[in-house]
Amino acid sequence: MKKYIAKRLLAVIPTLFVVSIVIFSIIHMTPGDPAAMILGDKASAEDIAALREAMGLNDPIPVQYINWVKDVLHGDLGQSVFIDKPMTQILKEYMGPTFSLTVYAMILATVIAIPLGVLAAKKRGTIADQGISLISMIGISMPSFLLGLILILLFAVKLRLFPVAGYKSIEDVGLLKHIRYLTLPALALGFMEAALIIRLTRSSVLEVLASDYVKMAKSKGVSEFSLVMKHAFKNALIPILTILGQTFMALLAGAAVVESVFNIPGIGRLTVNSVAKRDYEVIQAVVLMVSLINVVMCLAVDLLYGLVDPRVRLEE
C-alpha cells in the first residue's frame, strides 16, 4: 500500500509540469494584445510598447514561462492589472463561493443519486426503475441554466422559499442562510451529474448482482438487503468512485454558467471576464488552481482505490 501511494504521489510532479506548459502556451497563443486591452483604443503605440516592456511581454516565450514558474514556486501568482489586487487575494475572494457551490452540489448529487441508482438496480424492470430512469434522462437532457431558471420561477418567485439570486458567506449570515442562498444553484448545477451517477450506479450494481458469487450467496439464503448493500454495492464502488471524482471536476468547471444565472461572484464569472480582457495573470492563476484541484482529486480517488480494491494491496 505504501509503494502504491508513493507511485501516485510521484506521478503528480510531471503531471503538474505538463499542465503548466499547456496553460502557459494556450493563453499566450490567444489572439489580442493585453497591453492594448489595458490602455484602451486611444492609447498611443509608444504607451503600449512601454507597458508591454513593463509586463515582460517582449521577452521570448520560454523566458516568460521560466519567470512565471519561478514566481509560482515562490507563492507569487502575479497581480491582476484590471482588479489591481494580488492573485492570492483574488483567488481567496472568488474561489470561496465557487468551492462552496461545488461541494454543496456534489453532496446533493451523491446523496440523491447513489440511493436512487441502488434502488433502480434492486427494483429492475419495475415502475420504480422506470421512474428513476425517466428522472435520469431528464437530468441528462436539461441544461443547468434552464433548470436554474425553472427553479427560480418555482421556488423563489412563486413559493418564495429561497432567494432569487445572490450569495452570502458563512461569516456574514451564518451556515443556514448560507445554505439557503446556495440550494437552488447547487440543485441546478448538480442535477445533470446526479443523473449520470444514477445510471452508472444502477449498471454497476446490476453487473455485480449478476455475478456467480452473488447468486451463490442468494441460494444460501442471504437476505436481499445484505445481498445488495454488503455484497453488490461494495464491489460496485470502484466505478462509482471514478465517476464521483470526475463529477467534482465537472461541477467545478460548469459552475460559471450557474454563477451567471444566480449572480454568484465566483471563479467562473471571474475567468470569463478575464478572458474578454486578456488578463493573463488571472487566467493563468485560475486555470493552474483548477488543474491542481483536478490532480489532487484524481490522486484522492487513486488512494481510495487502495482502500476499496483488495487487488491493489495484493500487488504490493
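I looked first at how α10 and α11 lie relative to each other, and they are roughly antiparallel (an angle over 145 degrees, on a scale from 0 to 180 degrees between N-to-C directions). In this predicted model, local features need pLDDT of at least 70 and side-chain atom pairs count only at pLDDT 80 or more, while totals for chains, interfaces and linings use all residues. Residues are numbered from 1 along each chain as its sequence is written, and side-chain values use heavy atoms, with hydrogens and water left out.

I noted that helix α10 (residues 212-219) and helix α11 (residues 224-235), both DSSP runs of H or I with at least four residues, pack at an angle of about 170° with their axes 11 Å apart. Where they meet (heavy atoms within 4.5 Å), I found Tyr213, Val214, Ala217 and Lys218 from α10 against Leu227, His231 and Asn235 from α11. These contact residues divide into 4 nonpolar, 2 polar and 1 charged.

I then turned to helix α4 (residues 61-73), whose buried residues (under 20% relative accessible area, 1.4 Å probe, protein chains only) are Gln64, Tyr65 and Trp68. They cover an arc of only 100° around the axis, which puts them on the same side of α4. On the other side of α4 I found Pro62 and Leu73 exposed (over 50%). After α4 comes Gly75, with a positive phi near 80°.

Last, I checked Ile243 in helix α12 (residues 237-262), which is buried at a relative accessible area of 16%. Leaving aside neighbours within four places in sequence, Ile243 is in contact with Ile197 and Leu200.

Conventions. Helix = DSSP H or I, 4+ residues; strand = E, 2+ residues; numbered from the N terminus. Parallel < 35°, antiparallel > 145°, perpendicular 65-115°, else oblique. Nonpolar A, V, L, I, M, F, W, Y, C, P; charged D, E, K, R; others polar. Arc of directions from axis to C-beta.
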